[in-house]
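Visitor: Please take me through one part of this model at close range. Then set it beside a few other parts. Keep it brisk.

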Amino acid sequence: KVAIKGIERELICPACKELFTHPLILPCQHNVCHKCVKEILFAFEDSFADAGSESSNQSSPRIKLSSPSTDRIDRISRSGTKRNSLTPRSSLFPCPGCQRDIDLGERGINGLFRNFTLETIVERYRQAARAAIAIMCNFCKPPPQESTKSCMDCSASYCNECFKIHHPWGTLKAQHEYVGPTTNFRPKILMCPEHEMERVNMYCEICRRPVCHLCKLGGCHANHRVTTMSTAYKTLKEKLSKDIDYLISKESQVKAHITQLDLLLKETECNSERAKEEASQSFEKLYHVLEERKSVALRAIEASKNLRLEKLQTQAEEYQGLLENNGLVGYAQEVLKETDPSCFVQTAKQLHVRIQKATESLKSFRPAAETTFEDFVVDIAKQEEILGDLSFHSNGLEIPEINEKQSKMYNKALISWECPGKTDSADIYVLEYHKLNREEETTTWQEIEVCSKSKIISDLDDDSSYAFRVRGYKGSICSPWSREVVLRTPPAPVFSFLFDDKCGYNSEHLLLNPGRTSVESRAGFPLLLGSDRMQVGCYTTLDYIISDTGIAKGKHFWAFRVEAYSYLVKVGVVSSNKIQKLFHNTHDVSSPRYEQDSGHDSGSEDAFFDSSQPFTLVTLGMKKFFIPMTPAAPKDPASRILPLPSCLGICLDCDKGKLGFYDAGCMKCLYECNVDCSGVMYPAFALMGGAAVHLEEAVTAKYGEYHDDI
């Protein structure tokens, strides 16, 4: 006998929330009623037909479903073993147990096993729950008698007399299997759902389901590892028994955990009430502050109003006195009636001054006080933003920091961050960014939820600065915002190319990597073997390499890194109509005679250099960036030598004929010059001695994953 008490939750269907009725085993090992599976499939099929695959997820039958019409169920039931008779256009089935979409395969519901063991347990539970309700005999004449046994072969219940009549001794029916009264009749032999005439006799260890010999010979389990049903029965039963025995032996430990959980439940209730009280007190403090500030603001407005009204009232009374027979004018008229000159002069002098002021005020009327209260407008934009970000803060949740060295602005933005304690205490991060624009008065942050510690952002404007910040969340608790980091996008769209291994490529002096993204010049045996041809004061020539793709129009940007040990590297562009001259130039441009700035003051060598070069290049080397000698360049040689950035960028504007060299880390322009863009322009590089150049890798989803792993 099985202990029925306390197992109700294991016998409830996750879809209808009632006791299982003919449960089916899904591939995810969850059980669902046969009728519920049909209803879910119908709802899933209807959602695809009505709103497409996108809305099917929104109308997912994980909520309570309306029962399909009886004729539809009958139609499906009559379809028998037709292929895909129960499979909708999508073979995915949303399991209500694990909330995942499960693939039912080609046969759909027909490929699922019925869980007879679970049916039996449910039936035992039902019998225990309705012990007072008897199961009546199916063959007695009215009134029927209470049954005493049920035949599993006949799928019927009998009283003693009817059982003897329908199962007489000496017949085949006498050999039928009978049990106690029950309403749960299951087949004695489990048949294969793929091959309905074959009984299952093996167990697939890969798919963890019973199969028949045809499934193993030529079916979908042909290459799977299988075992006999008896072996699987013995093995699984031993494992289950051991696990049950282990759980029973740990009953005291389980009870201790239950006691601890009860205490935690009470503690959680108390702590939540305390947290509510503290939160209420915090908001009450804010209310008091706001009420106080409100009272101060209203009092200030009221005082200003009274003062202005007083001034305007006085001014109105003064102008009222200018009317005839009123105030000042009336008084003046009475003074004019004075006939005694001395008395008149004594009074009229002061009166005349007042009359003059009144006359001037009429010529330039101005109210004594302003009627607007623009100075009393309360600016709450910043406070409103702060209150909008108001949330719970925890001292245990670390503030993330954006790593500017690992973050990158190129064709896309890669933003990486880390926690100071090197612990991933947050469940999720929120990354916010906005474009810095002086014209906009308000700042609108764009928000992205990230589960990792890096994020790739696309569709940013070229030649623009963006501010980034990040915070961590653990449940409803969040950390403060990180320090804002400002990064600038390239001045133009990124131009992607590889090094050309055909046009002028010198494989004896230069070494390309398989991906053609890095080139290296080695000062090895070729240089030593050529030393016999070197003369005093002359060096070996440069080795050139260009891109495999050219630029005909528009504005483009590319970046690269020069190894710190590099002795001499020249970078820039070359026109298509001068490529042949580039690779067949007979002049030794690296000798002191033709050096751009050899130390002579005549300038003759500069004129020769400019006229002889078929390309526009700048010199790099020994961790330095050398600004070319031009009329606009500083005359002091030391001022033309800059530290070499870790990543250098070049921006070519074919429409304006401009070539700029940038520090790609901060997108600061180091040098800009004019360039002739009459032909197709190719990025060009020249190396001498020990040197190496690596093209900057574009930011992709794979790059972000690799960066995050690091």
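**A covered strand and its neighbours**

Guide: Start at one pair: His556 has Leu652, in strand 30, as its bridge partner. The model is predicted, so read every value here as computed from it. His556 belongs to the pairing of strand 25 (residues 555-562) with strand 30, an antiparallel match joined by six bridges. Now turn to the other neighbour. Strand 31 (residues 658-663) is also antiparallel to strand 30, and six bridges join the two. Leu652 takes part here as well: its bridge partner in strand 31 is Leu659. Strands of a sheet pair through backbone hydrogen bonds, in a parallel or an antiparallel sense.

How many residues lie between strand 30 and strand 31 in their hairpin? Four. One residue in that turn, Gly657, has a positive phi of about 65°.

Next, the cover. Strand 30 spans residues 648-653, and six of its six residues are buried. In a regular strand, side chains alternate between the two faces of the sheet. Strand 30 sorts into two sets: Leu648, Ile650 and Leu652 point one way. Gly649, Cys651 and Asp653 point the other way. Both sets are buried.

Cys651 leads to the cysteines. How many disulfides does a search of the whole structure find? Zero. A disulfide is a covalent bond between the sulfur atoms of two cysteines. Take Cys212. Its closest cysteine sulfur is in Cys215, at 3.6 Å, which is too far for a bond. The cut-off is 2.5 Å between the sulfur atoms. Cys212 is buried, because its relative accessible area is 0%. Cys666 counts as partly exposed, because its relative accessible area is 43%.

Now two other sheets. One is open, with three strands in the order 2-1-5 and antiparallel pairing. Strand 2 (31-33) and strand 5 (113-114) are its edges, and each pairs on one side only. Strand 1 (residues 23-25) meets strand 2 over three bridges, antiparallel. Across that pairing, Leu24 stands opposite Val32.

The other open sheet has three strands in the order 7-6-8, again with antiparallel pairing. Strand 7 (156-158) and strand 8 (178-179) each have a single partner strand, so one side of each lacks a neighbour in the sheet. Strand 6 (residues 149-151) pairs with strand 7 over three bridges in the antiparallel sense. There, Ser150 faces Ser157 of strand 7.

For a contrast with strands, look at helix 7. Helix 7 runs over residues 251-320, 70 residues in total. From first C-alpha to last, helix 7 reaches 100 Å, close to the 104 Å expected at 1.5 Å a residue. Which residues of helix 7 are buried? They are Ser304, Arg308 and Gln315. An α-helix has 3.6 residues a turn, so residues three or four places apart point the same way.

Helix 7 also contributes to the surface. Phe283, Leu286, Tyr287, Leu387 and Leu390 make up a nonpolar patch there, with about 470 Å² of accessible area together. Helix 7 supplies the largest share of that patch, three residues. Leu387 sits in helix 10 (residues 381-388). Leu387 counts as partly exposed because its relative accessibility is 47%.

Back to the starting point. Leu652 is buried in strand 30, with His556 as a bridge partner and Leu659 as its bridge partner in strand 31.

Key:
Residues are numbered from 1 along each chain as its sequence is written. This is a predicted model: local features need pLDDT of at least 70, side-chain atom pairs count only at pLDDT 80 or more; totals for chains, interfaces and linings use all residues. Side-chain values use heavy atoms; hydrogens and water are left out. The expected span of a helix is 1.5 Å times one less than its number of residues. Buried means under 20% relative accessible area, exposed over 50%, partly exposed in between (1.4 Å probe, protein chains only). Two strands pair if DSSP finds at least two bridges between them. Patches are made of residues with over 30% relative accessible area and no salt bridge: like charges are joined within 9 Å, nonpolar side chains (Val, Leu, Ile, Met, Phe, Trp, Tyr) within 5 Å. Accessible areas come from the Shrake-Rupley method with a 1.4 Å probe; for residues, only the protein chains shown count as cover. A salt bridge is a side-chain nitrogen of Lys or Arg within 4 Å of a carboxyl oxygen of Asp or Glu.
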